[in-house]
Amino acid sequence: MNMTIHAVDDEVLASFYRYHWPGNVRELKNAVETAYNHVSSTVITLEDIPDRIRNNQKSTRVSQPTLTGTLKECVDRYEKDIIENELEKANGVIAETARRLGLSKQSLKYKLEKYRMR
């Protein structure tokens, strides 16, 4: 298309971080292609990205783990936070949470027991 993009606005990156990406990499690729097709300068701005991503205000990122204790303790805390976040997004439905996390229901149930979340 004979265009060069030199930068992506910080607000665009923040919107990308906030968005849940239910379509995973395919949805991200589509959003970047949409931005590229709508851009009118050399910088991708909020106006160039899809509305559903731009208007998403709820943060779905997992907070940075507390780095105190052993590595195993830190990893366990972080894993528990991720599971809690996905369980909430799936409205407590175990099968949906397991699918979102790429786990079997049995593995998820084991982790729920492990972290005393059941």
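The buried residues of helix α2 are covered by elements that include α1, β2 (43-44) and α3 (51-54). This is a predicted model, and the description below follows that helix outward to the cores, the salt bridges and two residues with positive phi.

**Helix α2 and its two sides**

Helix α2 has 15 residues, which at 1.5 Å a residue should span 21 Å, and the distance of 21 Å between its end C-alpha atoms agrees with that expectation. Its buried residues are E27, A31, T34 and A35. Viewed down the axis of α2, these buried residues fall within an arc of 100°, so they line one face of the helix. On the other side of α2 the exposed residues V25, R26 and K29 are found.

**Nonpolar cores**

The largest nonpolar core is made up of 11 residues, namely V12, F16, Y19, W21, A31, A35, V39, I44, L46, I49 and I53. Both α1 (10-18) and α2 (24-38) supply at least two residues of this core. A31 and A35 thus appear both among the buried residues of α2 and in the largest core. For V12, another member of that core, the contacts beyond its neighbours within four places in sequence are with I44, T45, L46 and I49. Apart from the largest core lies another core, of seven residues, among them I83, I94, L108 and L112.

**Salt bridges**

The count of salt bridges in the model comes to 11. Three of the pairs are set out here with the distances between their N and O atoms.

| Pair | N to O distance |
|---|---|
| R52 and E27 | 3.0 Å |
| K114 and D76 | 3.5 Å |
| E96 and R99 | 2.7 Å |

The pair of R52 and E27 links distant parts of the chain, since R52 belongs to helix α3 and E27 to helix α2, 25 residues apart. With a relative accessible area of 40%, R52 is partly exposed, whereas E27, at 10% relative accessibility, counts as buried because the limit for that class is under 20%. E27 is also one of the buried residues of α2, and α3 is among the elements that cover those residues.

K114 and D76 are placed in helix α6 and helix α4 respectively, so their salt bridge ties together parts that are 38 residues apart in sequence. K114 itself is partly exposed, its relative accessible area being 34%.

The pair of E96 and R99, by contrast in its setting, lies within helix α5, where the two residues are three residues apart and therefore separated by about one helical turn. E96 counts as partly exposed at 24% relative accessibility, while R99 is exposed, with a relative accessible area of 57%. Both residues belong to a network in which salt bridges that share partners join E86, K89, E96, R99 and R100.

**Residues with positive phi**

N91, a residue other than glycine, has a positive phi, near 55°. N91 is located in the loop between α4 (71-89) and α5 (94-101), and its relative accessibility of 71% means that N91 counts as exposed. R116 likewise is not a glycine and has a positive phi of about 55°. The place of R116 is in the segment that comes after α6 (105-114), and at 75% relative accessibility R116 counts as exposed.

Conventions
Residues are numbered from 1 along each chain as its sequence is written. This is a predicted model: local features need pLDDT of at least 70, side-chain atom pairs count only at pLDDT 80 or more; totals for chains, interfaces and linings use all residues. Side-chain values use heavy atoms; hydrogens and water are left out. A nonpolar core is a set of buried Ala, Val, Leu, Ile, Met, Phe, Trp, Tyr and Cys residues joined through side-chain atoms within 4.5 Å. Buried means under 20% relative accessible area, exposed over 50%, partly exposed in between (1.4 Å probe, protein chains only). Helices (H or I, at least four residues) and strands (E, at least two) are DSSP runs, numbered from the N terminus. Contact means heavy atoms within 4.5 Å. The expected span of a helix is 1.5 Å times one less than its number of residues. The arc is that of the directions from the helix axis to the C-beta atoms. A salt bridge is a side-chain nitrogen of Lys or Arg within 4 Å of a carboxyl oxygen of Asp or Glu.
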